[in-house]
Amino acid sequence: MKLSFVIPAYNEEESINILYSEIVENVSNYEYEIIFICDGSTDKTYEVMTTISEKDTNVKLIKFRKNFGKSAGLQAGFDVASGDIVFTMDADLQDNPKEIPNFLKKINDGFDLVTGWKKKRRDPLNKTAPSKIFNKVTSNAFKLKLHDYNCGFKAYKKELVNELDVYGEMHRYVPALAHSKGFKVAEIPVEHRKREFGQSKYGIERYLRGFLDLLTVKLVTSYIRSPLYLFGGIGATFSIVGFLIGLYLTVLKYGFGIPLGNRPLLYF
């Protein structure tokens, strides 16, 4: 069995060598390839990746001219991955490669996608609190209960990877996309390590983008074949509300002689 590792990185020059060594230590019994995606890094990330690839022919490099984001990096890696099982990992060393056997065991239990759950998360409150809300809302929206949709540590069967088209902030919703296509999704607790180098590349704006992409994914997964169920339902709701307001105002005007020109409800 061949394993592919797809790892986007943005300004992670201090982490790449360590991550590479840890992965190799944990895949000694497998054929493997490591696909590093340099996502427009402005430090020496690409130089470090190049040095590794010159020593190990199992390492492939993809370089973006500018920072396109995690989804674009993952999709670029998926497009060239040749392994039977494809892993995605963050490049900041917070994902521990020693968990790889646990992912493979769960895959062998019959699942198509296994996603990590950072049960003991080593992040500040301003990241963990919004994340809990995000996971709750997403679980309810897609009827797929997961504790951690946003964990970057995942293992996919190749046939699932071949059906994915990831863009925007949609990497957060890969489990929902897989579930909607009939693939089996599982979650396992994983060790989450404290960031040792650099700083997080994500700010509060990612939650707004993530919410908009949630709407996109919901549309794609639930209403793509019958959009009238969504838009018709919204339109019908507004029509009913408008009719009831109109009826109420009509009664006020002709039943009680109350003028309507100064009533905000008329404009509503």
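Start your tour by selecting I52, a buried residue with a relative accessible area of 4%. You will find I52 in helix α2, which covers residues 45-55. Keep in mind as you click around that this is a predicted model. For a sense of scale, add K218 to the selection: the C-alpha atoms of I52 and K218 are separated by 40 Å, with the two positions 166 residues apart along the chain.

**Stop one: salt bridges**

Side chains of opposite charge can pair when their charged atoms come close. How many salt bridges does the structure hold? The count is seven, and three of them are on this tour.

Select E33 and K60. Their closest N and O atoms are 2.8 Å apart, and the two residues form a salt bridge. This pair links distant parts of the chain: E33 belongs to strand β2 (residues 31-39) and K60 to strand β3 (residues 59-64), 27 residues apart. Is E33 buried or exposed? E33 is buried, since its relative accessible area is 2% and the cut-off for buried is under 20%. K60, at 34%, counts as partly exposed.

Next, pick K70 and D90. The side chains of these two meet in a salt bridge, at 2.7 Å from N to O. K70 sits in helix α3 (residues 70-80), while D90 is in the loop between β4 (85-88) and α4 (100-108), so the bridge ties together parts that are 20 residues apart in sequence. K70 is buried, with a relative accessible area of 14%.

The third pair to select is K118 with D148, where the N to O distance in the salt bridge is 3.0 Å. Look for K118 in the loop between β5 (113-117) and α5 (125-142), and for D148 in the loop between α5 and β6 (154-157); the pair therefore ties together parts that are 30 residues apart in sequence. Both K118 and D148 are buried. Before you leave the salt bridges, select K2 together with E33 and K60: salt bridges that share partners join these residues into one network.

**Stop two: a pocket**

Keep D148 on screen and turn to the second largest pocket, whose volume is about 300 Å³. It is lined by 15 residues, and those closest to its centre are W117, K132, N135, H147 and D148. Which element gives the most to this lining? Colour α5 to see: that helix supplies seven residues, the most to the lining of the second largest pocket. By residue class, the lining of this pocket has two nonpolar, six polar and seven charged members.

**Stop three: aromatic rings**

Now show the ring side chains. The structure has seven aromatic pairs. One of them is F64 with F68, an edge-to-face pair with 5.5 Å from centre to centre and 85 degrees between the planes. F64 counts as buried at 15% relative accessibility.

Move on to F78 and Y156, which also form an edge-to-face aromatic pair, here with 5.4 Å centre to centre and 70 degrees between the planes. F78 is in helix α3 and Y156 in strand β6, so select them by number: they are 78 residues apart and link distant parts of the chain. F78 and Y156 are both buried. For a group view, select F5, F87, F103 and F153, which ring pairs link into a cluster.

**Stop four: charges over rings**

Select K63 and Y46 and look down on the ring. The charged end of K63 sits over the ring of Y46, 4.5 Å from the ring centre. Then go to K253 and Y254: K253 lies over the face of Y254, at 5.7 Å from the ring centre.

**Last stop: two positive phi angles**

Finish with the backbone. N11 has a phi near 55 degrees, a positive value in a residue other than glycine. N11 is found in the loop between β1 (2-9) and α1 (16-25), and it is partly exposed, with a relative accessible area of 21%.

What is the phi of L93? It is near 75 degrees, again a positive value in a residue other than glycine. L93 lies in the loop between β4 and α4. L93 is buried, with a relative accessible area of 6%, whereas N11 is partly exposed.

Key: Residues numbered from 1 in each chain as written. Predicted model: local features only at pLDDT ≥ 70, side-chain atom pairs only at ≥ 80, totals over all residues. Heavy atoms only, no water. Salt bridge = Lys/Arg side-chain N within 4 Å of Asp/Glu carboxyl O. Helix = DSSP H or I, 4+ residues; strand = E, 2+ residues; numbered from the N terminus. Buried < 20%, exposed > 50% of the residue type's maximum accessible area, 1.4 Å probe, protein only. 1 Å grid on protein atoms, 1.4 Å probe; cavity = no way out; pocket = protein on both sides within 12 Å on 5 of 7 lines; lining within 4 Å. Points joined across faces, edges and corners; volume = space filled by probe spheres on them. Nonpolar A, V, L, I, M, F, W, Y, C, P; charged D, E, K, R; others polar. Phe/Tyr/Trp six-rings, centres within 6.5 Å; stacked < 30°, edge-to-face > 60°. Lys NZ or Arg CZ within 6 Å of the ring centre and 35° of its normal.
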